[in-house]
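Reader: I have just started learning how to look at protein models. Could you go through one with me and explain the words as we meet them?

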Amino acid sequence: MAKLFVTFEGGEGAGKSTQVARLAERMRSNGQIVTTTREPGGTTGAEAIRALLVNGATDRWDALTELHLINAARRDHVQRLICPILERGDVVICDRFIDSTRVYQGIVKGLDDALICRHHQDTTNNLWPDLTVFIDLDPEIGMVRALGRSGASTEMRFENETLSFHHKIYFGFQKLQRAEHQRIIAIDGNQSAESVAEAVWAVVSSRLNADV
Ligand code: TMP
């Protein structure tokens, strides 16, 4: 079966991690070898960098420093985990990747998209997802979910941003999805987790069949 690199994108509380797990389960029952992972993070080194990014005050880093931290984490993740799996011909499903950088550090925090893509090329040898699922959910609903489940988590640096920040993130993902609709598929996040999973599977299975 074909190797495949799938990413999930969206705002806080959109249900990405649930859908990553559901898709992996479905693909495994279909006979594929699937690894799930996340960004920032996914390897020991990248998880250490993640802790710097997601904890502390919202103004702890400026956008360019964030970009460098994210790329340092991403390089380790791509080199040590993602590429070896794809080279074996297996499947990687990742919770966030380059499109989060283009939206958070780019569209919302002001870095130029061409600069972000240039750094991405150097960092990853230009690794792009085969397919990206954008879970389209109103940020007001997403933030209620995200804050509701945060419990004792200290990983609140981005969640603590204003609602207007989260609206900009949402519009940023919508803009990117419209511009790159061949690769980035929008799925309505207002449905039950079950229905979202069915919609995701319809897209992924049609891509898999197209590649056979
Ligand atoms: P998570 O809450 O989905 O685990 O992601 C952690 C945070 O990191 C999330 O609020 C968005 C942020 N982030 C960026 O700002 N840029 C990036 O490139 C990535 C991958 C995540």
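Reader: Where does the ligand sit?

Author: Happy to start there! This is a predicted model, and in this model the ligand sits in the largest pocket. The word "sits" is used when more than half of a molecule's atoms lie within 2 Å of the pocket's grid points.

Reader: What makes a residue count as near the ligand?

Author: A residue counts if one of its heavy atoms lies within 4 Å of the ligand. There are 14 residues around the ligand, and those that come nearest are Glu-12, Arg-50, Arg-96, Thr-101 and Gln-105. Sorted by class, this shell has six charged, five nonpolar and three polar residues.

Reader: Which helix gives the most to the shell around the ligand?

Author: That is helix 4, with four residues. Helix 2 (44–54), helix 3 (63–88) and helix 4 (98–108) each supply at least two residues of the shell.

Reader: Why is the pair formed by Glu-12 and the ligand called a polar contact?

Author: The cut-off for a pair of N or O atoms is 3.5 Å. A polar side-chain atom of Glu-12 lies 2.8 Å from an oxygen atom of the ligand, so the pair is a polar contact, being within 3.5 Å. Lys-16 has an N or O side-chain atom 3.3 Å from an oxygen atom of the ligand, and that pair is also within the 3.5 Å cut-off. For Gln-105, an N or O atom of the side chain is 2.8 Å from a nitrogen atom of the ligand.

Reader: How much of the ligand does the protein bury?

Author: The protein buries 92% of the 470 Å² that the ligand exposes when taken alone.

Reader: Which residues lie nearest the centre of the largest pocket?

Author: They are Glu-12, Lys-16, Arg-50, Arg-96 and Glu-159, out of 31 residues that line the pocket. Helix 1 (16–29), helix 2, helix 3, helix 4 and helix 6 (139–149) each give two or more residues to this lining. Helix 4 gives the most, with four residues. By class, the lining has 12 charged, 10 nonpolar and nine polar residues. The volume of the pocket is about 660 Å³.

Reader: What makes a cavity something other than a pocket?

Author: In a cavity, a 1.4 Å probe fits but cannot get out, whereas a pocket is an open set of points. This structure holds one cavity of 30 Å³ or more. The largest cavity has a volume of about 100 Å³. It is lined by 14 residues, with Gly-11, Glu-12, Leu-137, Pro-139 and His-166 closest to its centre. Strand 4 (131–136), helix 6 and helix 7 (163–179) each give two or more residues to that lining. Its classes are eight nonpolar, four polar and two charged.

Reader: Which residues does a cis peptide bond join?

Author: It joins Glu-39 and Pro-40, with omega at about -10 degrees. Pro-40 is in the loop between strand 2 (34–38) and helix 2.

Reader: What is phi of Arg-96?

Author: Phi of Arg-96 is near 75 degrees, a positive value in a residue other than glycine. Arg-96 is found in the loop between strand 3 (91–95) and helix 4. We met Arg-96 earlier among the residues that come nearest the ligand.

Key. Residues are numbered from 1 along each chain as its sequence is written. This is a predicted model: local features need pLDDT of at least 70, side-chain atom pairs count only at pLDDT 80 or more; totals for chains, interfaces and linings use all residues. Side-chain values use heavy atoms; hydrogens and water are left out. A polar contact is a pair of N or O atoms within 3.5 Å; within protein, one must be able to donate a hydrogen and the other to accept it, and residues adjacent in sequence count only if both atoms are side-chain atoms. Accessible areas come from the Shrake-Rupley method with a 1.4 Å probe; for residues, only the protein chains shown count as cover. On a 1 Å grid over the protein atoms alone, a cavity is a set of points where a 1.4 Å probe fits but cannot get out, and a pocket is an open set with protein on both sides within 12 Å along at least five of seven lines; lining residues have an atom within 4 Å of a point. Ala, Val, Leu, Ile, Met, Phe, Trp, Tyr, Cys and Pro count as nonpolar, Asp, Glu, Lys and Arg as charged, and the others, Gly among them, as polar. Grid points are joined across faces, edges and corners, and a volume is the space filled by probe spheres set on the points.
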